[in-house]
Amino acid sequence: MSVCSKCIKEKPIFAKGLCCACYHRARREKLEQEASEEKEREDFSVSIDFRPMLYLLEEIEKRAAAELRDVGAQILWELNKSIGSQNSES
Ligand SMILES: [Zn+2]
């Protein structure tokens with residue numbers, strides 16, 4: 001028997017210093033939080049069909065590789081350069 005680090009009761013430790021009940025509660029809360037973060041990500045994401053302008057995707061991929069960003073971050077960076085910073089400067 002040892003003490004659960006969450007409920008501070010003497011119980012058999014199931015995993016990560018937690019008793020079985022606390023471990024499963026923590027795991028469920030983590031999953032729920034991940035689900036809501038995932039939902040939020042979907043709310044603020046678009047998927048882009050580059051087929052009409054494939055050269056843009058190739059250029060973005062080239063720049064992303066050169067600057068060690070992922071393609072999504074590179075697209076944001078390019079948009080910020082062309083739209084974002086101009087707005088904040090004016
Ligand atoms: Zn516990």
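Start with the whole chain in view: the protein has a radius of gyration of 23 Å, whereas a compact globule of 90 residues would come near 12 Å. This is a predicted model. Fit a box along the principal axes, and the C-alpha atoms fill roughly 65 × 30 × 25 Å.

Colour by confidence next. Mean pLDDT is 92, with 94% of residues at 70 or more. Helix α2 has the highest confidence, at a mean of 97, and helix α3 (residues 71-89) the lowest, at 84.

Now switch to cartoon. Three helices and four strands appear. Walk from the N terminus, and the order reads β-β-β-β-α-α-α.

Select 2-43 for domain 1, then 51-89 for domain 2. Their C-alpha centres lie 39 Å apart. For contacts, take pairs at least 6 apart in sequence: 0% of these join residues at least 24 apart.

Select residues 20-43, helix α1. What span should its 24 residues give at 1.5 Å a residue? The expected value is 34 Å, and the end C-alpha atoms are 35 Å apart, which agrees. Why does α1 lie largely in the open? Of its 24 residues, the number buried is one, so the helix is largely in the open. Across the protein, buried residues make up 3% of the 90.

Move on to residues 54-66, helix α2. Its 13 residues should span 18 Å at 1.5 Å a residue, and the end C-alpha atoms, 19 Å apart, agree with that.

Last stop: Leu-68, which follows α2. Check the backbone there: phi is positive, near 55°.

Note on methods: Residues numbered from 1 in each chain as written. Predicted model: local features only at pLDDT ≥ 70, side-chain atom pairs only at ≥ 80, totals over all residues. Domains from an automatic or database assignment. Helix = DSSP H or I, 4+ residues; strand = E, 2+ residues; numbered from the N terminus. Expected span 1.5 Å × (residues − 1). pLDDT = per-residue confidence, 0-100. Buried ≥ 20, exposed ≤ 12 C-beta atoms within 10 Å, placed from the backbone. Rg over C-alpha atoms; globule rule 2.2 N^0.38 Å. Contact = placed C-beta atoms within 7 Å.
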